[in-house]
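Visitor: I'd like to learn how to read a model like this one. Could you walk me through it, one idea at a time?

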Amino acid sequence: MTRFDHHRRPLVIGIGGTTRAASSTERALGFALRGAEATGANTRLFGGTFLHSLPHYAPEQPNRTKEQLELIDAVRHADALIIATPGYHGGVSGLVKNALDTLEELRADERPYLDGRAVGCIVTAYGWQAAGSVLTSLRSIIHALRGWPTPFGAGINTLETRFDAVDTCSDPKVVDQLATVGQQAAQFALAFNAHRAPNPLSAGQPLGETQPARLLHAV
Ligand SMILES: Cc1cc2nc3c(=O)[nH]c(=O)nc-3n(C[C@H](O)[C@H](O)[C@H](O)COP(=O)(O)O)c2cc1C
C-alpha cells in the first residue's frame, strides 16, 4: 500500500454493470459515481465491458492478465468503492462476482481485500424481492472482504424505473438515492482518511501522553 496523502482527493472505484450496452446497472452506477464526485472524490469506472474481459478467477494459476492486474491495482489504491450488480436468479451476477473473486489477490496486502474502505452497494432487478435479497447478499460479500458497506444501499426495480440514456433516469427519487450512495462512500473515505492523517495534537508525544478527548473541547 502507498502511504496516504491526506491532501489529495479520495479515489472511489465503481465496479458493475452487465454485458448489455444499455445496462441499467451500469447507468445506475454512473449516477452514484457522480454523487461521489460532487462530494469531492475522483472516480474510475470498471463497467460491464471491462468485467467481461476478465477471465474466470483461478487461484491456482500464478499468472494474471493485464485486465486482472489493472483491476487489482485500482482497488489497491482506492479509498472507497461502489459495487453495482443485477439480481440474477436471486443472487449477485457471475460477472460481478468474478470481479470480486479476483480481489482475492489483495489478501496479503497491508490493507487486505477491502479493509478500511467504504463500499456503496447497488442492485437492479425485475422486482422488489430480488432487489432486497441481493442487496443483503452483496453486503455479506463486502463484509467477507472486510469492507464497510455504506448505511444506505440502493435497490432499484427496473420494471418501474428506466435508464433510457447514460445520464437519464425516469425517477428523481432513484437519482437521489444513487447520489446518496456515492456521497456516503466519498464521505466515509474523507473521514477515514482524515483519521489516518497525522494528529497534530498528539504528534511527538509517546502513547499514553496524548490529551484526553474531553480536554480537546475545553477553551
Ligand atoms: C440471467 C438473468 C437472471 C435474472 N434473474 C432475476 C431474478 O432472479 N430476479 C429479478 O427480479 N430479476 C432477474 N433478472 C432481471 C435483471 O435483474 C434485471 O433486468 C436487471 O435490471 C438487468 O440489469 P441490466 O439492465 O444492467 O442488464 C434476471 C435477468 C437475467 C438476464
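Guide: Let's start with contacts: two residues are in contact if their C-beta atoms, placed from the backbone, lie within 7 Å. Take Ala185: leaving out residues up to four places away in sequence, it touches Val12, Ala36, Ala80, Ile82, Ala118, Gly120 and Thr150. Bear in mind that this is a predicted model, where local features need pLDDT of at least 70, side-chain atom pairs count only at pLDDT 80 or more, and totals for chains, interfaces and linings use all residues. Numbering starts from 1 along each chain, as its sequence is written.

Visitor: What share of the contacts between residues at least 6 apart in sequence join residues at least 24 apart?

Guide: In this protein, 80% of them do.

Visitor: Next, secondary structure. How many helices and strands are there?

Guide: Elements here are DSSP runs numbered from the N terminus, with helices (H or I) of at least four residues and strands (E) of at least two. By that count the protein has six helices and seven strands. Reading from the N terminus, they go β-α-β-α-α-β-β-α-β-α-β-β-α.

Visitor: And how do I tell which strands pair up?

Guide: Two strands pair if DSSP finds at least two bridges between them. Try E3 (80-88): it runs parallel to strand E1 (residues 11-16), joined by five bridges, and parallel to E5 (118-125), joined by seven. If you want residues to click on, Ile15 stands opposite Ile83, Val12 has Ala80 as its bridge partner, and Ile82 is matched with Gly120.

Visitor: Where does strand E4 come in?

Guide: E4 covers residues 91-92 and runs antiparallel to E3, with two bridges between them. Val92 is the bridge partner of Gly87 there. The two strands make a hairpin with two residues in between.

Visitor: Which strand does E1 reach through helix H1?

Guide: E1 pairs in parallel with strand E2 (residues 42-46) through five bridges, and Ile13 stands opposite Arg44. The chain goes from E1 through H1 to E2 in a right-handed β-α-β crossover (strands pointing away from the viewer, the path from the first strand over the helix to the second runs clockwise).

Visitor: Now burial. What fraction of the protein counts as buried?

Guide: A residue is buried with 20 or more other C-beta atoms within 10 Å of its own, exposed with 12 or fewer, and partly exposed in between. Of the 219 residues, 39% are buried. In E3, eight of nine residues are buried. E1 is largely enclosed by the rest of the structure, because five of its six residues are buried.

Visitor: What about Pro10, buried or exposed?

Guide: Pro10 has 26 other C-beta atoms within 10 Å, so it is buried. It sits in the segment before E1. Beyond its neighbours within four places in sequence, Pro10 contacts Ala41, Asp79, Ala80, Ala186, Ala189, Leu190 and Asn193.

Visitor: Which residues touch the most other members of the largest nonpolar core?

Guide: A core is a set of buried Ala, Val, Leu, Ile, Met, Phe, Trp, Tyr and Cys residues joined through C-beta atoms within 7 Å. The largest one has 52 residues, and Val12, Ala32, Ala80, Leu81, Ile82, Ile122 and Ala185 touch the most other members.

Visitor: Any backbone oddities to look for?

Guide: Most residues other than glycine have a negative phi. His89 is not a glycine, yet its phi is positive, about 50°. It lies in the loop between E3 and E4 and counts as exposed because it has 8 C-beta neighbours inside 10 Å. Tyr113 also has a positive phi of about 50° without being a glycine. That residue is in the loop between helix H4 (94-102) and E5; with 19 other C-beta atoms within 10 Å, Tyr113 is partly exposed.

Visitor: Last one: which residues come nearest the ligand?

Guide: The shell takes in residues whose C-beta atom, placed from the backbone, lies within 6 Å of the ligand. There are 16 of them, and Ser23, Ser24, Thr25, Ala125 and Ala130 come nearest. Helix H1 (24-38), E3 and E5 are the elements giving two or more residues, and E3 has the largest share, three residues. The shell splits into five nonpolar, ten polar and one charged (Ala, Val, Leu, Ile, Met, Phe, Trp, Tyr, Cys and Pro are nonpolar; Asp, Glu, Lys and Arg charged; the others, Gly among them, polar).
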